[in-house]
Amino acid sequence: MRAVMKLYAQQLLRYPEMGISLDFSKLPLTDEFLTEMKPLIDRAYTDIAALESGVIANPDEKRMVGHYWLRNSAIAPTKALKAAIDGPLADLKAFAADVLSGSILAPNGKPYTTCLVIGIGGSALGPELVADALPGKGLHMAFLDNTDPDGMYRVLDSLPLTETLAVVISKSGGTPETRNGMVCAQAYFEKKGLSFAKQAVAVTGVGSKLDTVAVAEGWVKRFPMEDWVGGRTSETSVVGLVPASLQGVDIDSLLKGAADMDAKTRVADTAHNASMKLALAWYAAGQGKGAKDMVVLPYKDSLVLFSKYLQQLIMESLGKELDLDGNKVNQGISVYGNKGSTDQHAYVQQLRDGLDNFFVTFIEVRQAPTDTVEVEPGFTAGDYLQGFLRGTRKALAESGRKSITISIPTVNAYTLGQLIALFERAVSFYASLIHINAYHQPGVQAGKLAANVFLKLLASVQGALTDTPATAAEIAAKVSADEEDTYHALVHIAESGKAKWTMAECPCGDTFAL
């Protein structure tokens with residue numbers, strides 16, 4: 001056997017009964033490396049077992065982390081938790097079946113045709129990934145996932161509003177972006193003479209602000225959001241399953257794919273544990289310090305959002321300033337990507353010849369497209385897609401660039417569930433290897449607090465404006481605020497049509513007045 005083929009065979013991990021394989025031959029995990037890492041590997045297996053047993057994993061909010069239980073409620077630590085998974089799952093299946101069969105109709109007496117999901121971050125990214133990857137036979141999916149009014153109204157203007165079921169997803173009900181989307185949607189429905197409440201579903205924590213509103217206004221349905229599931233790991237919870245079921249996705253297959261991957265990667269046998277090997281490859285590529293970026297290249301249009309989904313899962317989980325001992329470590333892995341072969345006309349040139357500051361994760365879909373049109377004698381477009389994947393992988397390797405290749409037979413609910421669980425568990429393992437907490441997000445909270453500070457400043461600056469033109473420095477002195485922050489607030493107020501802005505040669509000379 002030639003050396004290259006021998007290395008490939010040694011570094012290939014296959015789960016034949018599941019159809020998935022991982023090729024580490026272009027980022028090999030040597031015996032020496034595995035021996036050196038064994039103490040950390042053993043700790044990671046212990047840590048993930050503790051996580052699944054129900055230890056407090058998010059100290060900021062004193063919460064467990066139990067997304068693994070969602071696809072196999074039998075392993076939940078208590079009967080109450082098992083019931084909290086099984087009950088809503090059965091309920092959402094029944095609700096979706098009633099909507100799709102026409103047993104539940106829109107207020108105009110017609111069947112619903114569209115589902116508008118209002119969420120942010122993990123409450124939108126997972127459902128968006130599934131909606132794009134798995135076109136179903138149910139409702140058409142649309143999303144409000146940002147607080148940009150132009151973007152929201154572009155979506156709202158495109159909807160068949162009388163036949164649209166709105167699903168609002170927020171654990172607390174107070175997340176600004178989601179609340180803003182809901183308020184704008186409510187106003188839009190009312191402007192069109194419709195009652196938002198009569199076409200709205202809430203996915204939220206029991207007793208939350210959103211839950212209270214849904215009860216008071218008599219929304220169509222409410223589903224309880226688990227407080228022990230974070231947004232970035234919520235696709236197999238009610239967050240992802242309510243939209244997916246309304247879309248007509250086979251959510252049982254999605255859950256089975258995730259459950260099967262969980263089972264395979266629950267075993268403390270590194271040679272056969274895909275998630276552990278994936279985490280170790282990340283560690284080897286970046287020396288355990290995130291020194292290399294992760295470029296995600298799925299060679300399938302239906303997985304174009306997978307890199308965006310992984311960006312949140314990995315960067316929000318691993319991007320931490322402090323380790324578990326309180327030491328400043330500034331950990332994380334930067335993730336970006338789009339799809340192959342599109343990006344061979346974008347940034348592959350730099351990947352091959354530029355800075356060697358990355359490793360690639362190729363995702364191959366082995367099953368050839370059914371289109372048999374020959375774009376050249378003997379070759380289809382699908383042949384070219386495979387050729388570009390293999391050619392790019394080889395070209396990068398020839399330049400000493402590292403890569404991992406994950407292969408699945410096709411894109412369906414089962415294989416997508418596998419991929420979601422594969423990376424979720426890899427994140428858990430990697431976090432333990434580098435000794436950080438993957439399940440809190442102090443940086444996100446800091447950003448929210450900073451936004452609130454700016455909103456308070458905005459109100460103060462607005463109140464300080466008069467008919468007499470004044471500079472940012474003069475207004476800042478009135479409200480006891482930072483001059484630059486005041487200037488940005490003034491520009492926003494002026495661009496919103498609430499003030500006059502007269503530009504000078506220098507921003508410090510610009511004036512603002514009512």
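How many cavities of 30 Å³ or more does the structure hold? There is 1, and it gets a close-up below, along with some helix pairs and two spots in loops. Bear in mind that this is a predicted model.

**View 1. Helix H3 running beside helix H8.** Here we zoom in on H3, residues 79–101, and H8, residues 238–247. Their axes come within 9 Å and cross at roughly 25°. Because angles under 35 degrees count as roughly parallel, that makes H3 roughly parallel to H8. On the H3 side, the contact is made by Pro-88, Leu-89, Leu-92, Phe-95, Ala-96, Val-99 and Leu-100. H8 answers with Val-238, Leu-241, Val-242, Ser-245 and Leu-246. Sorted by class, this contact has 11 nonpolar residues, 1 polar one and no charged ones. The crossing of the two helices is right-handed.

**View 2. The largest cavity, with H3 and H8 in its lining.** Now look for the empty space: about 50 Å³ of it lies in the largest cavity. The residues lining this cavity are Leu-70, Ile-85, Pro-88, Leu-89, Leu-92, Glu-226, Thr-236, Ser-237, Val-238 and Leu-241. Which elements give two or more residues to the lining? They are H3 and H8, the pair from View 1. H3 gives the most, with 4 residues. By class, the lining has 7 nonpolar, 2 polar and 1 charged residues. Some names may ring a bell: Pro-88, Leu-89 and Leu-92 of H3 are among the residues that touch H8, and these three also line the cavity. Val-238 and Leu-241 of H8 likewise take part in the helix contact and in the lining.

**View 3. Helix H2 packing against helix H10.** This pair brings together H2, residues 31–53, and H10, residues 274–286. The two pack at an angle of about 125°, with their axes 12 Å apart. That makes H2 oblique to H10. H2 passes H10 in a right-handed crossing. From H2, the contact draws on Phe-33, Leu-34, Met-37, Leu-40, Ile-41, Ala-44 and Tyr-45. From H10 come Met-276, Leu-280, Tyr-283 and Ala-284. What classes do these residues fall into? The tally is 11 nonpolar, no polar and no charged.

**View 4. Gln-287, in the loop that follows H10 on the way to S10.** Stay with H10 and look at the loop between this helix and strand S10 (293–298), where Gln-287 lies. Phi of Gln-287 is near 55°, a positive value in a residue other than glycine.

**View 5. A cis peptide bond at Gly-340 and Ser-341.** What kind of peptide bond joins Gly-340 and Ser-341? It's a cis one, with omega at about 5°. You'll find Ser-341 in the loop between strand S11 (335–337) and helix H12 (348–353).

**View 6. Helices H16 and H17 meeting roughly at right angles.** The last pair is H16, residues 472–479, and H17, residues 483–495. Their axes come within 8 Å and cross at roughly 110°, so H16 and H17 are roughly perpendicular to each other. H16 contributes Ala-472, Ala-473, Ile-475 and Ala-476 to the contact. H17 puts in Glu-483, Thr-486, Tyr-487 and Leu-490. Together these residues divide into 6 nonpolar, 1 polar and 1 charged.

How values were computed:
Residues are numbered from 1 along each chain as its sequence is written. This is a predicted model: local features need pLDDT of at least 70, side-chain atom pairs count only at pLDDT 80 or more; totals for chains, interfaces and linings use all residues. Side-chain values use heavy atoms; hydrogens and water are left out. Axes are lines fitted to C-alpha atoms, for helices over the stretch in contact, and angles run from 0 to 180 degrees between N-to-C directions. Angles under 35 degrees count as roughly parallel, over 145 as roughly antiparallel, 65 to 115 as roughly perpendicular and the rest as oblique. A crossing is left-handed if the near helix is turned anticlockwise from the far one by less than a right angle, and right-handed if clockwise. Contact means heavy atoms within 4.5 Å. Ala, Val, Leu, Ile, Met, Phe, Trp, Tyr, Cys and Pro count as nonpolar, Asp, Glu, Lys and Arg as charged, and the others, Gly among them, as polar. On a 1 Å grid over the protein atoms alone, a cavity is a set of points where a 1.4 Å probe fits but cannot get out, and a pocket is an open set with protein on both sides within 12 Å along at least five of seven lines; lining residues have an atom within 4 Å of a point. Grid points are joined across faces, edges and corners, and a volume is the space filled by probe spheres set on the points.
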